[in-house]
Amino acid sequence: MSAIEAVYIFDEHNNLLLSHTYTGRPSPPSVLLPLYLQHAAPRSSVLYFPSLNPSTVLYSIIQDNLLFFSPSSGTDSGEPLLVLEFLHRVADALEEFLGSPLLASKIAGNYDVVAQILAEIADAGVVCQGEANALRDVVETGPGVLNNLLGKVGLPGNASVPGLSGGGGSLGIGGSGGLQRPGSGISSLQPAQTAQGSAIPWRRSNVRHTSNELYVDIVETLSVTLAPSGRPLAAFAYGSIAFTSKVSGVPDLLLSLSTGGKGAGMGHRGDQLRSVMERTVFHPCVRLARWKSEGVLSFVPPDGRFALCGYEVDLLGADTPLTAGKNAYSSLGLPAGVEVTTGLGSSGNDFEVRLTQPSNSGAAGSAAAASLQSNLGGGGGLGSRPSSFRAGAAGSGDSKGPSLENLVVRVPLPTTVRNVTELRPSKGEAHWSPVDGCVEWKVAAKDFGPMGAVLRCTIQGPLAADGDDAGAVLNGLTATTYDYNDDEPSAYQAGEKDEKHSNGLSVPVSREAKVAKSRELMPTSATLSFGVKGWLASGLKVESLLLDNKKSRGLGQEVKPYKGVKYLTVSREGIEVRC
Amino acid sequence: MYRSEPSLTFFSAVVKNVASASLEVKKLVYIYLVHHAEAEPDLALLSINAIQKSLTDSNPQVRVMALRTMSGIRVPVISQIVSLAIKRGCGDMSPHVRKAAALAIPKCYRLDPNTLPQLTGYLSTLLGDSQYFVVGPAVAAFLDLCPDELDLIHKPYRSLVKKLADMDEWGQLATLRLLTFYARKCFPRRTQKVKPSAPVAFYDDEKNEQESQDTGEEYEVQVTDPDLELLLRACKPLLQSRNSAVIVSVVRCYLYLASPDYIAEAVGPLVALMRTPQDMQHIALFNIVAVAMRIPKPFAKYTAHFLVHANDPPHIWRLKLEVLTILFPHCGKHWKGVIISELEHFSKGTDPELVRESVRAIGRCAQGDTSTADMCLRILLGQISSLDGNLVSESLTVIRHLIQQDPTSHKSTVLQLVKNLGTTTHPDARATIIWLIGEFAGVEPENNIAPDVLRILIKGFADETEIVKQQIVLLGAKVYLHHLLQNPPKEKPEAPAPTETAEKPTKEYPNEWADNADEGQENADQSTKENEGELEQPEAKEEETEDRITLLWRYILLLARYDTSYDLRDRARLYKNLLETPSSVQLANLLLLAPKPVPHAPSPSETRKDLLIGSATLVVGPEAGYLGLPGYSNLPDWVVPGQEPNPSLRIDETKPDISSTTTTSTAGDRLDRALLNGYAESQSQQRLDRCRSRWKEDTGPVASGRRGRGGH
C-alpha cells in the first residue's frame with residue numbers, strides 16, 4: 001500500500017528547510033536535490049531515478065516558491081495522485097497554521113508547530129488526517145510550548161540554542177517571535193483540551209467566536225481560446241466557491257445559488273443550476289443528496305476558510321454556435337478583448353496588439369451585483385466586507401459595479417527574435433524581457449477607456465547569415481498607425497452595442513521575401529490577463545445563505561451572523577488569441 | 001532535527017520529559033523520540049515504561065499518542081509489547097484509539113514480521129469496526145500486511161462498501177484499491193451474447209447466489225453480481241470528491257470492473273481534473289490518455305478541454321496533443337476541423353519540438369480517420385514549401401506514411417513532391433522524396449519519371465549529403481532493377497551471346513575495378529560527358545533508352561565507389577553484385593522491391609496502454625523497465641467461474657444498524673477480555689476499574705459522533 005516515506009521542504013534558494021522521515025529509509029534530500037535539478041526547467045511532478053539504490057520515484061510540488069519533495073523508494077506506491085494530493089494538503093495545513101503566503105522564515109521559526117502538523121497528518125506514512133481544520137484540535141500552538149520543553153531539558157529557551165532550535169534566538173522561539181499564531185486570537189479555547197477529538201471530522205470542536213461572520217467568495221478563472229478569426233474555440237470558466245465561516249458552535253448552513261437566467265427551460269431550479277455548474281466537486285461536508293435533489297448546498301462548514309465547491313462553466317453553451325463570427329467577446333461577455341495583427345510595416349516585421357473593450361459586458365455584472373444586494377439583504381445583514389479582510393478589496397467595485405484591474409497582455413515571441421527595437425504603446429507601459437522572450441504590456445485600468453489601446457512593436461531577427469538585408473533591422477521609418485477605434489462606444493458599465501473595428505491596415509506589398517522571412521519571427525499568440533471584481537463570467541449569483549437554527553448547535557437563537565458575498569473573475573493568461 | 005543538524009546529544013535530556021504531565025511537551029518529546037530512538041535503543045527502552053503508563057491514561061488523546069509513539073519506536077525488542085498494546089487498542093472505547101491501533105499494525109509488522117499471525121487477528125476485528133474512520137486505516141494496514149488474504153475481507157465486505165462514502169479520502173483510496181482487487185478475484189465474469197448486435201458482459205454466479213432473484217430474466221437485463229453492483233453504486237458519490245486520487249481510483253474501478261455505462265459517467269469528473277494544478281494535471285492527463293485509448297467515445301464531447309495553451313509546458317502539451325489525436329476519429333465534423341486547424345497553427349510555431357509533435361499528430365489524425373486523410377495531406381503539402389526545414393522534413397515523413405498507406409491513389413502527390421525537389425534543401429526531406437520516387441519507379445513503366453529524376457539528381461551527386469546520396473544509389477538500383485525486369489524477354493535469348501545488357505557488366509566492370517583510381521576518374525568523366533550528351537537528346541531510340549539506364553546505373557556505381565563514406569561504398573558494392581548476374585535478379589527483386597509494410601505511427605503512449613490506471617508505473621512509463629516499478633502489479637484476471645469463494649461468506653451477521661448502546665457493551669466486553677487475557681497478571685484490579693470508569697466517560701463522544709454524522 002502506498003506509504004509516504006518522507007517530506008522534504010526546500011526554500012526558494014533550494015536550501016533544505018525541513019526534512020521529516022515517516023518510514024523506511026528514503027534517499028536523503030542531499031542526494032535527491034541534484035538529481036532533481038538535473039532535469040530541465042519545466043520539471044515533471046513525478047520523476048524516476050533508477051540510478052539510486054533503491055530506485056526512487058520523486059514526487060514534487062512547488063507552492064509559494066517552496067519546493068516540496070516526497071520520495072518513494074523501491075515500490076510502486078500505487079497512486080501518484082495520492083502523494084501529490086498529500087503534499088498539497090501539507091502545504092495547505094502549513095498555510096492554515098502559519099498564515100498565507102507560506103514563507104521559509106515562518107517555517108523556520110515554528111518548527112514546533114510544523115513538527116506536530118507533519119506528525120499528525122500521516123502516521124508512519126499512512127495519511128490519516130488531511131483536514132487542516134481538524135488538525136487544530138491536535139496541534140499545540142500555544143506560545144510557550146517549545147520554551148516549556150526547553151526549560152525542562154535545562155536549556156534556556158530564549159537564548160540561542162545551537163542544536164535544538166537549529167539556529168539561535170533569531171528564529172524567535174516563544175513569545176519573543178514576531179509571528180502571530182493565527183487562531184489563537186480568534187478562538188478563546190486552547191484546542192487540545194478537547195480530549196475526544198472532533199465529532200465532525202473536518203471541523204474542530206468547541207469553536208467560539210465573538211463576532212459571527214460568514215463570507216462567500218466566488219472566484220472564476222477564465223480559460224478562453226480564440227481562433228485567429230476571433231471565433232471562440234473553447235471558453236470555460238473554472239469556478240470555486242471559497243467559504244469563510246467564523247461561527248461558534250456547529251452551524252448548519254444552506255447556500256442557494258441561482259444561474260442568473262442561464263439554462264432556463266431546463267426544468268426546476270436545481271436542474272438549471274446543475275446544467276450551468278458542470279463537473280462539480282465538493283468539500284466532504286456538502287450533503288450530496290440535497291445537491292442532487294434540490295440543487296442547494298447544505299453543509300456544516302469547517303472553521304475558517306476553505307474551498308467549498310469547484311465547478312466549471314462552458315461559456316459557449318452546449319451547442320457551439322458555428323457562426324458566432326467576430327463578436328465573440330460580446331457573446332462571452334468578456335470585459336476586454338485583444339487582437340494581434342502581424343506582418344506589418346515595410347518589411348513585415350512589425351506587429352500590432354490591440355486591446356478592445358466590448359461595451360455590453362459590464363451590464364450583466366452590475367445587475368448581478370445589484371440583485372445580490374437585494375437578495376442577501378433579507379437574509380440578514382449584508383454589507384461590504386471589512387476592508388482589512390483582504391488588502392486588495394479596499395478598491396472599488398465590491399458591490400457597486402464591477403471594476404477591471406491588472407490588465408496585462410503578454411505576447412510570447414519566438415526564441416529567434418533578437419531584439420524588439422520599438423515598443424510603442426498608446427497607453428500603459430510595455431517592455432520586452434529577453435529572458436522569457438515575451439513582450440509584456442500593462443495598461444492601468446483607469447487609462448483603459450472605451451477607446452481601447454494599441455501597442456505596436458518592431459522586432460529584430462537574428463543577425464542574418466546572408467547579410468544582404470542587414471538582419472532586417474528596421475529603421476524607425478515604418479508608418480505607425482495609432483488606430484483608436486473611435487467608433488467604440490461609451491463606458492464600461494453602459495450596455496450598448498458591440499463595436500467592431502473594421503479599419504483594415506493597409507498592408508504594403510512587394511516585400512514578399514522580407515515578409516516571409518520575418519513571418520517566422522512573428523508571435524503566434526497573445527494572452528490577456530485581468531481581474532474583475534463584482535462580476536462572474538458565468539452569471540451565477542448567491543441567492544441566499546441561511547443558517548438553520550434548528551439543526552445548528554452551540555449558537556444562540558438570536559445570533560444573526562454577518563454575511564458577505566464577493567464575486568471575482570480573473571484571467572491569468574487565460575484568454576488566448578491565436579494569430 | 002529538521003535542519004539535519006545534530007540533535008542526538010540531547011537525547012537523554014529530552015527523553016526524561018516523556019513522563020511530563022503537560023500534553024504539549026509530551027507531544028514534542030514523542031516526535032523527538034520516534035525520530036531518534038533507532039540511534040539510541042537502550043535509552044529509548046527506558047522511556048517505554050512511561051509510555052506504557054500513558055496507554056492507560058484516562059484521556060483518549062494521550063492513549064492515541066502513546067500507542068502511536070510506542071509502535072513508532074524502531075527497536076525490535078519491544079515488538080511483543082507493541083503487539084499487546086495494539087491488542088488493547090483494538091478493544092478501546094474511543095474510536096480514535098482504535099484508529100491508532102490500526103495504524104500501528106503495519107509498524108509492528110515492520111518491527112518484527114513474526115507477529116504476523118497475531119496482527120492478522122487484530123486486523124479482522126478492526127475491519128469489522130463500526131466506525132468509518134477506523135476502517136480506513138485498517139484497510140490500509142491490511143494492504144500493507146497481507147494483501148492476498150482475501151478470506152478476511154469476505155465478512156466485512158458489505159460493511160466496507162457501505163462505509164465507503166463516509167470514510168475520509170485516504171480511507172476511500174485504500175478501500176477502493178482493495179475492493180477492486182477483491183472483485184476481480186471473487187466475482188467471476190461471464191460473457192454471453194444476449195442479443196446478436198450487442199454482446200453484453202455480465203457477471204453471474206447463479207448457483208451460489210441467494211440474493212439474485214432476477215436470474216430468470218437474464219436474457220434482457222445485464223446481471224452483475226449484486227455485491228459487485230453494490231460496490232459500483234457506492235462509488236458513484238465519490239466522483240464528486242475534491243481529491244483527484246479518489247476520482248482516478250473510481251475510474252479504475254469502473255474501467256476494470258464495470259460495464260461501459262459506468263465508465264461513461266466517470267469520464268466527466270476525470271476530465272474535470274484538468275482544472276487542478278499543473279503537477280496533478282500532468283498525472284491526470286496520463287490517466288486520461290490511458291482510459292481514452294480503451295474507450296475514446298465518451299471523451300469526444302470534452303474535446304475543448306484539451307486544446308493546447310500557449311503557456312503549457314512541454315510535458316503537458318505533449319499529452320494534450322495525444323488526447324486530441326485519440327479523440328479525433330470520434331469527434332463531430334466541427335471539432336475535427338478545429339483540431340486540424342489547431343494542429344496546423346502549432347505546426348507553424350517556432351518551438352521545434354512542438355512543430356514536430358503537431359505534424360506527427362496530424363499524421364495520426366489522418367491515420368485514425370481516413371476520410372480526413374485528404375485534408376491532412378493537403379495541409380502537409382502546403383507546408384513543404386515552408387522555409388522551416390524542420391517542419392518540411394517532419395511533414396514529408398508523415399506524408400510518406402500517408403502515401404504508403406494508400407499508394408495507388410497518390411501518384412499525383414508524388415509528382416507534386418518531385419516538383420518540390422528542386423527547392424527543398426533539407427537533407428531528410430530530399431531523402432524522403434527520393435525514396436518515395438524509388439517506391440513508385442515500377443508503376444506505369446512506359447511513363448515513369450524515376451529515370452529522369454535520377455538523371456537530374458546525379459548531376460548534383462557530389463554536393464548532396466550522405467543520406468541523400470544513399471537514397472540516390474538506392475533509387476538507381478531500383479530503376480535499374482525495374483529495367484532488368486521489364487526486359488527479360490530480350491535479355492534471355494541474348495544471354496548466351498555476349499551482347500548488350502548481360503555482357504556489358506561482365507566485360508566492363510572488371511576493367512573498371514582493375515583500373516587505378518585515375519583511370520576510373522577519367523572513365524567517370526568520360527561517361528559523364530557521354531551520359532549528358534546522350535541525355536540531351538531525349539528523342540533517342542528505344543534501344544538506346546535501355547542502354548542509357550544501364551549507363552546511368554554504372555555511372556552511379558562509379559560515383560559511389562569513390563565517395564568518402566565507406567557506408568555508401570559498401571552499399572554500392574552490394575547493389576552492384578546483386579544486380580550484376582541475371583540469376584540474382586530474383587533475389588534483388590525480393591530485396592529491393594519487397595512490398596513495404598504499411599507504416600503505422602502509434603500513439604506515443606501505446607506502450608503504456610496496458611498499465612494499471614492510476615499507478616506510478618503508468619506515469620514513469622517504459623523507463624521503469626519491463627515489469628514496471630518494483631512492487632507494481634497489474635490487476636489479477638477475473639476469477640474462473642466456479643472457483644470463486646462462496647458468496648454466502650459475505651453475508652453479514654452483524655446487525656446493520658448498531659445503536660450506540662450495543663456498540664459500547666460489545667466494546668466493553670472486548671475490553672474486559674483483552675484485559676483478562678493480556679494484562680490480567682500485570683494489571684491491578686484498581687486499574688481495571690479505572691478503565692471501566694473511563695469507558696463510561698467515553699460513551700458520550702461516541703454517541704455525539706453518531707449524532708454529528710446522523711444529520712448528514
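Which residue is the bridge partner of Ser256(A) in β12(A)?

## A three-stranded sheet in chain A

In this predicted model, the bridge partner of Ser256(A) is Val296(A), a residue of β12(A). The two strands concerned, β10 (residues 253–258) of chain A and β12(A), pair in the antiparallel sense over four bridges.

That pairing belongs to an open sheet of three strands in chain A, which has the order β12-β10-β22 and antiparallel pairing. Because β12 (296–299) and β22 (541–547) of chain A each have a single partner strand, they stand at the edges, and one side of each is left without a neighbour in the sheet. From one strand to the next, the twist averages 15 degrees.

## Chain B as a whole

Chain B contains 33 helices and two strands, and 55% of its 712 residues count as buried. Its accessible surface comes to about 30,700 Å², with 53% of that area belonging to carbon and sulfur atoms. Among the contacts in chain B with a separation of 6 or more, 67% are accounted for by residues 24 or more positions apart.

## A helix pair in chain B

Helix α6 (residues 95–111) of chain B packs with helix α8 (residues 132–145) of chain B at an angle of about 10 degrees, and their axes are 8 Å apart. An angle under 35 degrees counts as roughly parallel, so α6(B) is roughly parallel to α8(B).

On the α6(B) side, the residues that meet α8(B) include Leu103(B), Ile105(B) and Tyr109(B), while those contributed by α8(B) include Phe133(B), Val134(B) and Leu145(B). By class, the contact of α6(B) with α8(B) has 12 nonpolar, one polar and four charged residues, the charged ones including Arg98(B) and Lys99(B) in α6(B) and Asp144(B) in α8(B).

Technical notes
Residues numbered from 1 in each chain as written. Chains lettered and ligands numbered in written order. Predicted model: local features only at pLDDT ≥ 70, side-chain atom pairs only at ≥ 80, totals over all residues. Heavy atoms only, no water. Buried < 20%, exposed > 50% of the residue type's maximum accessible area, 1.4 Å probe, protein only. Contact = heavy atoms within 4.5 Å. Areas by Shrake-Rupley, 256 points an atom, 1.4 Å probe, with all protein chains shown as cover. Pairing = 2+ DSSP bridges. Axes fitted to C-alpha atoms, helices over the stretch in contact; angles between N-to-C directions. Parallel < 35°, antiparallel > 145°, perpendicular 65-115°, else oblique.
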